[in-house]
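Dear colleague,

I am handing over the structure below, and my notes on what was found in it follow. Please read them with the model open beside you.

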Amino acid sequence: MITIQNEKQYNLITQRIEEILHLTSNEEPTPEHLLAELDLLGGLAEDYEEEHYPINPPTLPEILKLRMYEKGLTQNSLAKILMVSPSRISEYITGKSEPTLPVARKMCQQLDISASIILGVC
């Protein structure tokens, strides 16, 4: 099986992918040989990126901050939604405390946060 061995090879492959993408257009069908090359190179680049540049799932503190921003919530307003104290919200955001099962359920339902993120099992 062919794999990318180093950053130099990775850069060359991503450069070639860019070249192929510039050769394609929505107006004309893309030649089969370019599609096959793009598929092969894309797979190689993806494998290399997964190994060398993994994207870790978000943590509960990160996703709580994001949801608060998205919904325009303060710690006080989030505390009311989850029926906990504002200081407890602060502990969740700093990672000093984890939610109880009833609070975790409310996070899933009210904030649309995946149970796997809340439970840290991603």
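**Helix H3 and its surroundings**

Taken at 1.5 Å a residue, the 12 residues of H3 should span 16 Å, and the end C-alpha atoms of H3 are indeed 16 Å apart, which agrees; the expected span is 1.5 Å times one less than the number of residues, and helices are DSSP runs of H or I with at least four residues, numbered from the N terminus. This is a predicted model, in which local features need pLDDT of at least 70 and side-chain atom pairs count only at pLDDT 80 or more, while totals for chains, interfaces and linings use all residues. Residues are numbered from 1 along each chain as its sequence is written, and side-chain values use heavy atoms, with hydrogens and water left out.

In H3, Leu60, Pro61, Ile63, Leu64, Arg67 and Met68 are buried, meaning under 20% relative accessible area with a 1.4 Å probe, protein chains only. Seen down the axis of H3, these buried residues fall within an arc of 165 degrees (taken from the directions from the helix axis to the C-beta atoms), so they line one face of the helix. They pack against H4, H5, H6 and H7, where contact means heavy atoms within 4.5 Å.

The largest nonpolar core (buried Ala, Val, Leu, Ile, Met, Phe, Trp, Tyr and Cys residues joined through side-chain atoms within 4.5 Å) has 19 residues, and Leu64, Leu78, Ile89 and Met107 have the most contacts inside it. Leaving aside neighbours within four places in sequence, Leu78 is in contact with Leu64, Met68, Leu73, Ile89 and Leu111.

Best regards

Definitions and conventions. Buried means under 20% relative accessible area, exposed over 50%, partly exposed in between (1.4 Å probe, protein chains only). Helices (H or I, at least four residues) and strands (E, at least two) are DSSP runs, numbered from the N terminus.
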